[in-house]
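Student: Could you show me how to read the surface and the inside of a protein model, one feature at a time?

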Amino acid sequence: MEDLKTTVVEEQVNTEVAEDVVMVKSNVVLKKKPVYDFLKRFADILISVIALTCGLPFFIIIALVIMIDDFGNPFFMQERIGKDGKAFQMFKFRTMFMHADEMKVDLMAENEYDSVHFKMSNDPRITRVGKFLRKTSLDELPQILNVLLGHMTIIGPRPFVRVEQNQLPSDRLLVKPGLSCYWQITDTVKMSNEDQLELDYKYIRNRSIGTDIKIIWDTVMLILKGSNI
């Protein structure tokens, strides 16, 4: 056994390495899975290239509809915190009125989550087109570009903005963030920080090709039912 120190989000996490297992002395055990990691990255690139190529006309139509409904940049970019605490710009279709972030402070009391994640029903900042995009999860499509660039993966814990991630343990950043994961396919309304974190840890511990396929399937089923993940 040899003690190592791994830097995660500007803090040191003590680790012990034993063959194919990296044991993190916190809330989760991270196993080395080089074959899985290779296949996962290969699938990310293949799926994202196909999706971006085939979906380009559809992306253009969505962008035009957003601009007609509320003129301005149809895309929304926001800094999120990814694997090992590295920041990146996450892409989405804009679903809110321009300058909607300025209204968020006044709406914080309406947060329906008992966590750092902000969400409320009938959010007045959301446009008419935005409501449809969110209901169908089409607003998330531009994140496929984040997957291609390697910032994100198809399945993994969702990335938070810096102010939210600073309130959470850094060990949830041991793997790449994804488009969907366990707590997106669970009833997340009023889910506590502890419940969300446990689902993130569950994925980190049990991540596998089979697990990813199951989460993808469950995510697609939720979208087809009109649930906003």
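Tutor: We will go through a surface patch, a helix and the cysteines, bearing in mind that this is a predicted model.

Student: Which residues form the nonpolar patch on the surface?

Tutor: The patch is formed by Val35, Phe38, Leu39, Phe42, Leu46, Ile47, Ile50, Ile209 and Ile213, which together have about 880 Å² of accessible area. Two elements, helix H1 (34-69) and helix H7 (209-224), each give two or more residues to the patch, and the largest share, 7 residues, comes from H1.

Student: Is Val35 buried or exposed?

Tutor: Val35, which has its place in helix H1, counts as exposed because its relative accessibility is 60%, and exposed means over 50%.

Student: Which residues of H1 are buried, and what covers them?

Tutor: A general idea helps here: an α-helix has 3.6 residues a turn, so residues three or four places apart point the same way. The buried residues of H1 include Tyr36, Lys40, Asp44 and Ser48, and also Phe59, Ile62, Ala63 and Ile66. Their cover includes strand E6 (87-93), helix H3 (128-135), helix H4 (143-149), strand E7 (153-155), helix H6 (193-206) and H7.

Student: Where in H1 does the kink lie?

Tutor: The kink, of about 60°, lies at Gly55, shortly before the proline Pro57, and Gly55 is itself among the buried residues of H1.

Student: How many disulfides does the structure hold, and are Cys54 and Cys181 buried or exposed?

Tutor: The structure holds 0 disulfides. Cys54 counts as exposed because its relative accessibility is 60%, whereas Cys181 is buried, with a relative accessible area of 0%.

How values were computed. Residues are numbered from 1 along each chain as its sequence is written. This is a predicted model: local features need pLDDT of at least 70, side-chain atom pairs count only at pLDDT 80 or more; totals for chains, interfaces and linings use all residues. Side-chain values use heavy atoms; hydrogens and water are left out. A disulfide is a pair of cysteine sulfur atoms within 2.5 Å. Buried means under 20% relative accessible area, exposed over 50%, partly exposed in between (1.4 Å probe, protein chains only). Patches are made of residues with over 30% relative accessible area and no salt bridge: like charges are joined within 9 Å, nonpolar side chains (Val, Leu, Ile, Met, Phe, Trp, Tyr) within 5 Å. Accessible areas come from the Shrake-Rupley method with a 1.4 Å probe; for residues, only the protein chains shown count as cover. A salt bridge is a side-chain nitrogen of Lys or Arg within 4 Å of a carboxyl oxygen of Asp or Glu. Helices (H or I, at least four residues) and strands (E, at least two) are DSSP runs, numbered from the N terminus. The bend at a residue is the angle between axes fitted to the seven residues ending there and the seven starting there. Contact means heavy atoms within 4.5 Å.
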